[in-house]
Every structure is written in structure tokens, then in C-alpha cells.
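User: Hi! I'm new to reading protein structures and would like to learn how to look at one, feature by feature. Could you walk me through it?

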Amino acid sequence: MTYKEEFIKFMSESGVLTFGDFTLKSGRKAPYFINTGNYMKGEHLSRLGGFYADCIKENSIDADILFGPAYKGVPLAVSAAVSLYAKYGIDMYYCFDRKEAKDHGEGGVFVGRQPKDGDKIIIVEDVMTSGKALKEVLPKLQSAANVKVSAMVITVDRMEKALDSQLSAVQAAYKEYGIPVYSIVTINDIIKAIENGIIDGSEHLEAMKDYRAEYGVDL
């Protein structure tokens with residue numbers, strides 16, 4: 001299997017990817033759901049970090065720092081940094097932000113590598129629904145130093161139009177900020193994995209394709 005197929009199987013086995021009839025926060029009725037809250041064990045984080053490392057390596061993303069937005073992004077950035085070194089010998093710094101600046105001890109907003117002028121940064125997140133995390137952390141990073149955000153890496157690109165746009169959150173991020181967003185897999189990869197018998201779910205294929213036809217965007 002490719003690493004993308006292994007990741008889809010991993011999501012399914014971990015209960016992160018499920019099929020059925022779900023009402024999303026947007027109000028849309030979806031035939032599948034991705035619950036990243038089900039990544040909760042050491043094994044999950046170890047394997048997840050490896051898949052992030054695979055994606056970064058495959059796309060040859062040049063960076064100095066892996067940045068994880070608080071709070072969900074913190075373990076993701078750390079596990080990805082460990083895996084990049086263990087699997088590929090790529091030694092990157094990691095960094096994450098505090099929700100509130102610390103006013104004692106070393107102080108500051110960031111934990112780990114403090115961003116410096118010229119640093120190239122990869123933002124590591126789980127999924128991207130609205131781009132809210134990107135809007136919140138960019139000002140923090142850019143006010144700290146003259147840094148360049150090379151890319152954002154997420155687990156799954158739903159390839160789905162926003163409620164108020166014909167663009168997906170991934171496309172909107174590139175249009176507004178010029179930041180490319182790479183995903184370990186896309187919803188098209190998941191559909192293909194079902195078709196190829198990598199995971200179960202053939203009874204939901206028609207509903208998934210109908211959902212894509214109504215709300216989907218192309219890359």
C-alpha cells in the first residue's frame with residue numbers, strides 16, 4: 001500500500017473516519033465524518049507523526065520550524081518533528097503558541113523555538129474547515145519576526161465549498177495568503193480507497209459521490 005492508503009486504513013481502524021448520516025456544523029448532511037478527537041493513544045500519535053513526515057518529505061517542503069497552533073496542533077507538531085528525524089534524518093525545530101502570553105519566567109507567546117527573522121515555517125493542523133486557525137496564528141508569527149510560512153499541512157482535504165464561497169478553505173488560504181496547503185489525503189483518495197477495497201464502505205460510495213457533486217470543488 002502507498003502511505004496514503006495506509007493512512008486511510010489507519011483512520012478507519014482508529015474510528016476517526018466513519019460512515020453514516022451526519023449533520024455537520026455547517027448544517028450540511030454528510031455521509032462521512034472525520035473525528036480527529038479519536039486520536040488519543042501513543043500509538044496513534046506515533047503513526048500520525050509518521051504520515052505528516054511522509055507528506056512533508058514527498059512534497060519537498062523547505063522549512064526550519066514545525067508550528068502547532070494551540071491546542072490541537074501541539075502534539076501534532078511534536079510528533080511530526082520526531083518522525084521527520086527518525087524516518088528521514090530531517091531535523092526541524094518545533095514551536096507552538098500559548099493562548100495567553102506568559103508574564104513570568106522566560107515569558108513570551110511561544111514555546112520551543114522562538115521564531116527569528118528568515119525562519120521558514122510549516123503550520124501543522126489536523127483538518128481545515130474555515131481557515132480560522134490560520135487567520136489567528138499568522139499575525140502572531142509575523143509580529144514575532146520576519147518569517148515566511150512555507151506551507152500548511154493537514155490530514156484530510158474535504159475539497160468542499162465554504163458556506164459563503166465557491167472556494168474550499170484550502171483554496172481560500174492560498175488565494176488570501178499565498179500559503180499552499182498540503183493534505184496527507186483528500187476525499188477523492190478516500191473514495192478511491194473504498195473502491196479498491198482498502199477499507200470497507202462500498203455501500204456509502206453513491207452517497208459520497210452525490211455529496212461531492214453537490215458541495216465539492218476540484219483541486
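Analyst: Happy to! Let's start with the vocabulary: helices and strands here are DSSP runs, numbered from the N terminus. Keep in mind that this is a predicted model. With those names we can place a residue: tyrosine 71, for example, is found in the loop between strand S3 (65-68) and helix H3.

User: What kind of peptide bond joins alanine 70 and tyrosine 71?

Analyst: The general idea comes first: most peptide bonds are trans. Here, alanine 70 and tyrosine 71 are joined by a cis peptide bond, with omega at about 0°.

User: And how do I check a helix? What should the 16 residues of H3 span?

Analyst: You count 1.5 Å a residue, which gives an expected span of 22 Å for H3 (residues 73-88). The C-alpha atoms at its two ends are 21 Å apart, so the model agrees with the expectation.

User: Which residues of H3 are buried?

Analyst: To count as buried, a residue needs a relative accessible area under 20%. In H3 the buried residues are Gly73, Val74, Leu76, Ala77, Ser79, Ala80, Ala81, Ser83 and Leu84. Just after the helix, glycine 89 has a positive phi of about 70°.

User: Which residues other than glycine have a positive phi here?

Analyst: The background is that most residues other than glycine have a negative phi. Two cases to look at are serine 60, with a positive phi of about 50°, and methionine 159, where phi is near 55°. Serine 60 belongs to the loop between H2 and S3, while methionine 159 lies in the loop between S7 and H5.

User: Is each of them buried or exposed?

Analyst: Serine 60 counts as exposed because its relative accessibility is 62%, and exposed means over 50%. Methionine 159 counts as buried, because its relative accessibility is 3%.

User: Let's turn to rings. How many aromatic pairs are there?

Analyst: Two rings pair if their centres lie within 6.5 Å. By this rule the count is eight aromatic pairs. One of them joins phenylalanine 7 and phenylalanine 10: the centres are 6.2 Å apart and the planes make an angle of 45°, a tilted pair. These two residues are about one helical turn apart, because they sit three residues from each other in helix H1 (residues 3-13).

User: What does phenylalanine 10 form with tyrosine 39?

Analyst: They form a stacked aromatic pair, 5.6 Å centre to centre with 20° between the planes. This pair links distant parts of the chain, 29 residues apart: phenylalanine 10 is in H1, and tyrosine 39 is in the loop between strand S2 (29-34) and helix H2 (42-58). Phenylalanine 10 is buried, at a relative accessible area of 1%, and tyrosine 39 is buried too, at 13%. Phe7, Phe10, Tyr39 and Phe51 form one aromatic cluster.

User: Can a ring meet a charge as well? Where does arginine 113 lie?

Analyst: Arginine 113 lies over the face of tyrosine 93, and the distance from the ring centre is 4.3 Å.

User: Now for empty space. What is the volume of the largest pocket, and which residues are closest to its centre?

Analyst: A pocket is an open set of grid points, whereas a cavity is one that a probe cannot get out of. The largest pocket has a volume of about 1,400 Å³. It is lined by 46 residues, and Val127, Met128, Thr129, Ser130 and Gly131 are the closest to its centre. Elements giving two or more residues to this lining include S2, S7 and H5. H4 gives the most, with seven residues.

User: And how many cavities of 30 Å³ or more does the structure hold?

Analyst: The structure holds one. About 40 Å³ of space lies in the largest cavity. Among the residues lining it are Tyr32, Arg158, Met159 and Glu160, so you meet methionine 159 again, the buried residue with 3% relative accessibility. Helix H7 (residues 205-215) gives the largest share of the lining, three residues.

User: Last one: which residues is serine 168 in contact with?

Analyst: Leaving aside neighbours within four places in sequence, serine 168 is in contact with Glu160, Lys161, Ala162 and Val217. Serine 168 lies in the loop between strand S7 (148-157) and helix H5 (169-177), and it counts as buried because its relative accessibility is 4%.

Terms used: Residues are numbered from 1 along each chain as its sequence is written. This is a predicted model: local features need pLDDT of at least 70, side-chain atom pairs count only at pLDDT 80 or more; totals for chains, interfaces and linings use all residues. Side-chain values use heavy atoms; hydrogens and water are left out. Helices (H or I, at least four residues) and strands (E, at least two) are DSSP runs, numbered from the N terminus. The expected span of a helix is 1.5 Å times one less than its number of residues. Buried means under 20% relative accessible area, exposed over 50%, partly exposed in between (1.4 Å probe, protein chains only). Rings of Phe, Tyr and Trp (its six-membered ring) pair if their centres lie within 6.5 Å; planes under 30 degrees apart count as stacked, over 60 as edge-to-face and the rest as tilted. A charge sits over a ring if NZ of Lys or CZ of Arg is within 6 Å of the ring centre and within 35 degrees of the ring normal. Contact means heavy atoms within 4.5 Å. On a 1 Å grid over the protein atoms alone, a cavity is a set of points where a 1.4 Å probe fits but cannot get out, and a pocket is an open set with protein on both sides within 12 Å along at least five of seven lines; lining residues have an atom within 4 Å of a point. Grid points are joined across faces, edges and corners, and a volume is the space filled by probe spheres set on the points.
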